[in-house]
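Biologist: I'd like to go through this one with you, starting at the ligand and working inwards. Could you put it up on the screen?

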Amino acid sequence: TTFAFDDRVSLVTGAGSGIGRAMAFAFAKAGARVVVCDVDRERAEPTASGIGDAAIVAAADISDEASVGALVETAISAYGRIDVLCNNAGIMDTMALPADIPVGLWERVLRVNLTGTFLVTHAVLPHMLREGRGAIVNTASEAGIRGGTAGAAYTASKHGVVGLTRSVAWAYAKDGIRCNAILPGPTLTGIASAESVGSFDPTGAARLAPVLARGERMAQPEQMADAALFLASDAASFVNGAIMPVDGGWSAA
Ligand code: NAD
């Protein structure tokens, strides 16, 4: 069927937890071989062993150019090409508002979420162009289209991911490469407990609370993976540059 990924190679970043892990499992179940990338090897390993022979672990930090180079090298030497790239790794901010966010935190969140997504895309594209085929799915966020669902840094970083998605979609539409983004609503993962950014900024958290409360219900990571699977599949062969909310209707309100 058009949802099949037999003989395809899928690279998923942030695949050691949450949405990325669910994506890795979903692609493997659909027949793909999966490169399981996470900055934390101990998280990536159970994902890969849960898949079995059709997966390899590639520990890499998407925010580091040399590390990304090694990641793509590992994927290509294992499987020869990359058909699907899920740029999914990301970190939250502290929900700090623009006046309050420390500049260092701003830089770190932009570096991982936006520059990291760019670095992996930049390194993978030449291989997709060589094959004349590829599908990229970026995990953006509701914060990529709205101003009141996260702090300033996360919001700006995810708006950047939306812009990069459109740039790639437009640039390579005639080269057999598609690029789309999912915008997850609140999803049950490890992200809120991730040690990366520290505790919430009380002013920002209080300001955002009423908006977040309208999220109504939490999604499961598998619901995000299913949407990504569709966008990466041949069933979406004419879907390019789509910025797709996967939020149960939250952003429709
Ligand atoms: P998670 O924390 O459960 O998983 C993210 C994984 O990414 C972790 O295993 C972490 O080790 C890895 N990672 C972090 N920095 C990395 C780096 N520099 N290089 C490589 N790997 C790195 O979070 P999640 O909720 O599954 O998040 C996945 C994506 O979904 C993120 O981009 C996030 O912004 C986005 N998102 C999540 C939600 C939500 O409610 N959970 C909502 C909207 C968007």
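Modeller: Before we count anything: Ala, Val, Leu, Ile, Met, Phe, Trp, Tyr, Cys and Pro go down as nonpolar, Asp, Glu, Lys and Arg as charged, and the others, Gly among them, as polar. And keep in mind that this is a predicted model.

Biologist: Okay, how many residues of the shell around the ligand are polar?

Modeller: The ligand has 29 residues around it, with Gly14, Ser17, Gly18, Gly90 and Thr189 the closest. Split by class, the shell has 10 nonpolar and four charged residues, and its polar count is 15.

Biologist: Which helix supplies the largest share of that shell?

Modeller: Two helices each give at least two residues: helix 4 (103–131) and helix 1 (18–29). The largest share is three residues, and they come from helix 1.

Biologist: Now the inside. Which helix gives the most to the largest nonpolar core?

Modeller: That core has 80 residues, and Met23, Ala24, Phe27, Val36 and Ala228 have the most contacts inside it. The top contribution is 10 residues, from helix 4.

Biologist: Is strand 5 enclosed or open, and why?

Modeller: Look at its two faces: Gly134, Ile136 and Asn138 are buried on one side, Ala135, Val137 and Thr139 on the other. With six of six residues buried, strand 5 is therefore largely enclosed.

Biologist: What is the bridge partner of alanine 135 in strand 6?

Modeller: Strand 5 runs parallel to strand 6 (residues 177–184), joined by six bridges. On the strand 4 side, alanine 135 stands opposite valine 84. In strand 6, its partner is arginine 178.

How values were computed. Residues numbered from 1 in each chain as written. Predicted model: local features only at pLDDT ≥ 70, side-chain atom pairs only at ≥ 80, totals over all residues. Near = placed C-beta within 6 Å. Helix = DSSP H or I, 4+ residues; strand = E, 2+ residues; numbered from the N terminus. Core = buried A, V, L, I, M, F, W, Y, C linked by C-beta atoms within 7 Å. Buried ≥ 20, exposed ≤ 12 C-beta atoms within 10 Å, placed from the backbone. Pairing = 2+ DSSP bridges.
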